[in-house]
Amino acid sequence: MSAPSVLSFTQQGWEQVLAKVKRALVYLDAACAESLHWGCGSTRLMEAVGGPVCHIREFEPNAVGGKAEQPKAVFVLSCLLKGRTVETLRDIICRSHFQYCVVVTALSHAVHLTANHVPAAAAAELEGQQPVFEQLEEKLCEWMGNMNYTAEVLHVPLLLAPVAPYLALTPAFASLFPLLPRDVHLLNSARPDKRRLGSLGEVDSTALTPELMLQMRCLVSGLSSLCEHLGVREECFAVGALSRVVAADLANYAPAKNRRKSATGRASVVFVDRTLDLTGAVGHHGDNLVEKIISVLPQLPGHTNDVMVNMVELTAVQIQEENQNVVAPGCLAQANDSAAKALWEALLNTKHKEALMEVRRHLVEAASRENLPIKMSMGRVTPGQLTSYIQLFKNNLKALRNHCGILQLGLATVQTLKHPQTAKWDNFLAFERLLLQSIGESGMSVVLNQLLPMCKPSAQRTSDDYCPEELLILLVYIYSVSGEHTVDKDLGEAEEKVKKALVQVFCEESELSPLLQRITGCDSATNLTFHKSKIAVDGLFSSLWDIAGARSLMKEFKSVYVPGSHTHQASYKPLLKQVVEEIFNPEKQDPIDIEHMSSGLTDLLKTGFSRFMKVSRPHPRDHPILMFFMLGGITVSEAKMVKDLAASLKPGTQVIVLSTRLLKPLNIPELLFATDRLHPDLGF
């Protein structure tokens with residue numbers, strides 16, 4: 001039996017669901033569909049349902065109900081059973097003919113008690129009972145129209161979408177993002193009667209909005225289930241303000257106390273705030289093919305971590321614009337195809353050039369197995385060469401079926417290499433390198449003056465120029481990498497010029513993208529006045545200054561910028577790399593910025609005594625399993641770097657990297673400038 005992992009955790013959860021779905025209509029919400037997609041694939045669900053018709057539907061208010069010959073329904077939901085979710089359940093059931101309903105929630109009963117304002121002491125007395133689920137079971141029977149029909153509500157922790165053996169994401173928390181100093185002002189104004197918060201460092205669970213605190217608790221519930229599956233008692237550590245709140249909540253999560261007593265294994269969980277280093281999230285230095293694929297190909301509808309691969313050229317359908325949606329798209333996740341899964345993992349773990357050679361090798365091997373007339377070619381891998389291999393499978397149904405996963409990854413590679421945005425990737429990289437040198441030699445004002453000529457209104461832009469969203473990516477890069485700096489006359493003037501140019505760019509857009517609509521608060525370009533554009537740009541720069549000062553509360557991790565010297569150029573040193581090196585540094589017995597969150601009196605006493613007695617405080621490197629959770633998203637290169645670096649510094653450590661989503665550069669302006677971080681939509 002293999003050791004428990006993020007994949008076995010996800011698959012075990014889905015096995016419990018699959019045991020319930022035989023001959024049922026299955027309704028899934030987007031986050032659970034994404035967990036299924038990466039964990040065991042939709043074909044597993046279809047096989048478990050059985051029958052010739054596809055009985056899988058999206059859980060949404062207008063979902064089609066069940067006919068008279070469809071008496072059984074299973075709802076698989078990632079959210080709390082409250083508010084809009086319950087209303088949608090009621091509406092679907094009332095327009096159906098169900099006699100047997102199963103509702104699976106990814107959130108534990110304990111979280112449902114918290115959501116219903118049951119005090120901790122009262123919740124503790126209810127151990128082993130599930131009144132919230134029982135009440136909903138009665139409601140389900142009522143909506144089905146007969147109290148003798150069967151209703152069942154159960155918790156299965158479907159938290160993760162496992163992307164690789166060492167990397168898993170939490171689709172239900174894709175929009176979760178750490179707080180900025182401007183959020184502290186909003187928290188203060190919302191609680192005038194309470195003590196004012198001086199900085200992000202003072203934010204704790206009592207200061208957060210009820211919605212955000214409940215969202216944290218939902219995440220903690222899932223992570224606690226993961227630790228239970230891994231059979232570990234976890235020590236929690238944090239780098240950053242929001243990480244401190246989540247780590248403290250997991251450390252003190254009441255339902256986890258009992259499981260920790262019986263756990264035989266040990267693990268360290270280190271939470272890190274994404275906002276401490278946005279350079280890595282918007283930069284183009286990651287030499288990884290998958291990063292380019294997810295950045296340039298369109299998103300798979302309803303998903304946050306997968307893309308659509310156009311499969312038309314493998315069919316007889318003519319390749320024209322209007323035929324793009326005739327053939328179902330391919331994707332990157334290949335849960336049930338071992339050869340494609342091996343290729344996918346190779347793409348995650350190799351540099352761009354080697355990844356292309358892996359794609360070619362897998363296509364050649366697949367063609368050879370099918371005895372297709374392949375012409376071998378060595379040397380550089382080109383899109384034309386890969387296309388010629390892929391075309392061999394066209395019109396050969398058996399070969400297509402046998403190697404469908406590899407063909408999807410092959411086409412994703414070709415479409416990325418040919419995409420105009422891929423050529424722009426190198427332009428970004430060149431400009432970022434120039435910025436790194438300029439920041440050290442000339443300072444921020446010169447850097448902003450270099451950006452100024454790139455701020456062009458739409459009428460003056462060619463395809464090589466930067467659109468407004470791309471200018472925002474560059475600004476985030478500049479402010480994040482440079483860190484805190486004093487404002488002098490030159491910087492003030494340079495910033496004003498860039499602001500003025502951006503206002504002009506926004507005003508002259510012929511059509512506002514969804515992101516610009518959210519940033520400006522205008523649904524069309526005709527409604528965007530100069531005044532509204534100026535207010536929006538001032539707000540953007542206020543957030544950019546917050547990003548520049550994000551590391552001001554740190555003592556060790558103050559900078560991600562390494563100045564140049566006579567022997568080497570200036571460079572960027574990822575915060576995650578610094579954190580991993582700090583953890584495994586034998587000289588450092590007590591890492592300053594990696595804060596241990598105590599889980600009760602014993603730990604507090606240890607922490608207190610350690611100041612004047614030889615009591616060692618818990619250290620993240622103490623345990624065989626080391627989990628990193630990046631709150632706010634992670635890139636493919638960062639996840640690989642953490643895994644490889646930890647393995648080289650302490651061989652034998654099992655590293656698990658978790659995050660809210662896989663990032664592409666364009667996600668950051670959205671999460672930073674257009675997301676209400678304090679009031680997540682929980683559906684009620």
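Let me begin with helix α14, whose buried residues are Ala340, Leu343, Trp344, Ala346, Leu347 and Leu348. Please bear in mind throughout that this is a predicted model.

What do these buried residues pack against? Their partners are the helices α2, α13 (289-296), α15 (352-369), α18 (404-418) and α27 (636-649), together with the strand β6 (161-164). An α-helix has 3.6 residues a turn, so residues three or four places apart point the same way. In α14, the buried set includes Ala340, Leu343 and Leu347.

The length of α14 can be checked as well. The helix runs over residues 338-349, which is 12 residues, and at 1.5 Å a residue it should span 16 Å. Its end C-alpha atoms are 17 Å apart, so the model agrees with the expectation. At the N-terminal end, Asp337 acts as the cap of α14, with a side-chain oxygen 3.2 Å from the backbone nitrogen of Ala339.

I turn next to helix α2, one of the partners of α14. This helix covers residues 30-39 and contains Ser35. Is Ser35 buried or exposed? Its relative accessible area is 0%, so Ser35 is buried. The side chain of Ser35 makes a polar contact, at 3.0 Å, with the side chain of Trp14. Beyond its neighbours within four places in sequence, Ser35 is in contact with Thr10, Trp14, Leu158, Leu160, Ala161 and Pro162.

The next topic is charge pairing. Side chains of opposite charge can pair when their charged atoms come close. The model has 28 salt bridges, and I shall describe a few.

Asp249 forms a salt bridge with Arg217, and the closest N and O atoms are 2.8 Å apart. Asp249 belongs to helix α10 (residues 241-251) and Arg217 to helix α9 (residues 210-230), so this pair ties together parts that are 32 residues apart in sequence. With a relative accessible area of 9%, Asp249 is buried.

Helix α10 also supplies Arg244, whose side chain meets that of Glu595 in a salt bridge of 3.0 Å, N to O. How many residues separate the two in the chain? They are 351 residues apart, Glu595 being in strand β12 (residues 595-597), and the pair thus links distant parts of the chain. Arg244 counts as buried at 19% relative accessibility, because the limit for that class is under 20%. Glu595, by contrast, is partly exposed, at 36%.

Lys643 and Asp644 provide another salt bridge, again with 3.0 Å from N to O. Lys643 counts as partly exposed at 22% relative accessibility, and Asp644 is likewise partly exposed, at 29%. There is also a network of salt bridges, which links Glu496, Lys499, Lys534 and Asp538.

Finally, the cysteines. A disulfide is a covalent bond between the sulfur atoms of two cysteines. How many disulfides does the model contain? The count is 0. Why is Cys141 without a bond? The closest cysteine sulfur, in Cys101, is 8.4 Å from the sulfur of Cys141, which is too far for a bond; the cut-off for a disulfide is 2.5 Å. Cys522 is in no disulfide either, as the nearest cysteine sulfur, that of Cys507, is 9.3 Å away. Both residues are nevertheless buried: Cys141 has a relative accessible area of 7%, and Cys522 has a relative accessibility of 3%.

Note on methods:
Residues are numbered from 1 along each chain as its sequence is written. This is a predicted model: local features need pLDDT of at least 70, side-chain atom pairs count only at pLDDT 80 or more; totals for chains, interfaces and linings use all residues. Side-chain values use heavy atoms; hydrogens and water are left out. Buried means under 20% relative accessible area, exposed over 50%, partly exposed in between (1.4 Å probe, protein chains only). Helices (H or I, at least four residues) and strands (E, at least two) are DSSP runs, numbered from the N terminus. A polar contact is a pair of N or O atoms within 3.5 Å; within protein, one must be able to donate a hydrogen and the other to accept it, and residues adjacent in sequence count only if both atoms are side-chain atoms. Contact means heavy atoms within 4.5 Å. A salt bridge is a side-chain nitrogen of Lys or Arg within 4 Å of a carboxyl oxygen of Asp or Glu. The expected span of a helix is 1.5 Å times one less than its number of residues.
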